[in-house]
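The following exchange concerns the enclosed space in a protein model and the ligand found there. Each answer sets a computed value against the criterion that applies.

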Amino acid sequence: MYDFTPTATTASERYRELLDAADALTAGEPDAVANMANVAALLWAFLPDLNWAGFYRVAPTRDGAASELVLGPFVGRPACIRIPFGKGVCGTAAQSRAAQLVADVHAFPGHIACDAASRSELVVPVLRDGAVIAVIDLDSPSPARFTTADTEGITALAALLSPRI
Ligand code: SME
């Protein structure tokens with residue numbers, strides 16, 4: 001049994017514990033789906049006040065002619081499956097290869113509402129050799145839930161996972 005129980009009281013301690021747990025769970029495991037699934041569960045366990053936590057992967061479009069974001073392992077309500085580059089918060093993060101910290105999703109042009117409860121969102125690209133291979137998406141029912149400490153923590157997680165997903 002894996003027992004990763006968060007004990008941290010500050011954001012930086014929380015992310016240190018989360019990264020340690022993610023490292024321990026994914027080290028030496030080559031299966032990308034298993035690693036994303038376990039990390040989605042860790043995000044849900046370690047980060048308070050979320051209503052969705054998970055991954056979109058860069059994968060072929062249905063006709064195979066291009067790439068887009070395709071839903072990966074997550075915790076939360078069922079979500080939209082395919083997101084074109086440049087669309088919504090996730091597609092913007094993928095296209096720009098830059099984290100998107102959105103205090104009010106209703107004010108983000110083109111935001112894709114998968115869960116009407118979502119009020120704020122953080123999306124961080126996972127880069128490998130400079131190219132985006134996935135994004136990590138966190139949603140919260142609280143406005144302005146995420147801070148730069150969250151962006152830094154999730155960016156460090158993305159770097160850890162890049163060779164493992
Ligand atoms: N809100 C995202 C879509 C994904 S769901 O939040 C899980 C977006 O605008 O890209």
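Q: How many cavities of 30 Å³ or more does a search of the whole structure find?
A: In this predicted model, the search finds one cavity of that size. The volume of the largest cavity is about 140 Å³.

Q: What makes this space a cavity rather than a pocket?
A: A cavity is a set of points where a 1.4 Å probe fits but cannot get out, whereas a pocket is an open set. The largest cavity is lined by 17 residues, and Ile112, Cys114, Glu121, Asp137 and Asp139 are the closest to its centre. Elements giving two or more residues to this lining are β1, α3 and β6, with the largest share, three residues, coming from α3.

Q: Which space does the ligand take?
A: The ligand takes the space of the largest cavity. To sit there, more than half of its atoms must lie within 2 Å of the grid points.

Q: Why does the pair formed by Glu121 and the ligand count as a polar contact?
A: A polar side-chain atom of Glu121 lies 3.0 Å from a nitrogen atom of the ligand. The limit for a pair of N or O atoms is 3.5 Å, so this pair qualifies. His111 places a polar side-chain atom 3.3 Å from a ligand nitrogen atom, and Asp137 places one 3.4 Å from a ligand oxygen atom. Of the 310 Å² of accessible area that the ligand has on its own, the protein covers 99%.

Q: How do the residues of the shell around the ligand divide by class?
A: Eight are nonpolar, two polar and three charged.

Conventions: Residues numbered from 1 in each chain as written. Predicted model: local features only at pLDDT ≥ 70, side-chain atom pairs only at ≥ 80, totals over all residues. Heavy atoms only, no water. Polar contact = N/O pair within 3.5 Å; in protein donor to acceptor, adjacent residues only side chain to side chain. Areas by Shrake-Rupley, 256 points an atom, 1.4 Å probe, with all protein chains shown as cover. 1 Å grid on protein atoms, 1.4 Å probe; cavity = no way out; pocket = protein on both sides within 12 Å on 5 of 7 lines; lining within 4 Å. Nonpolar A, V, L, I, M, F, W, Y, C, P; charged D, E, K, R; others polar. Points joined across faces, edges and corners; volume = space filled by probe spheres on them. Helix = DSSP H or I, 4+ residues; strand = E, 2+ residues; numbered from the N terminus.
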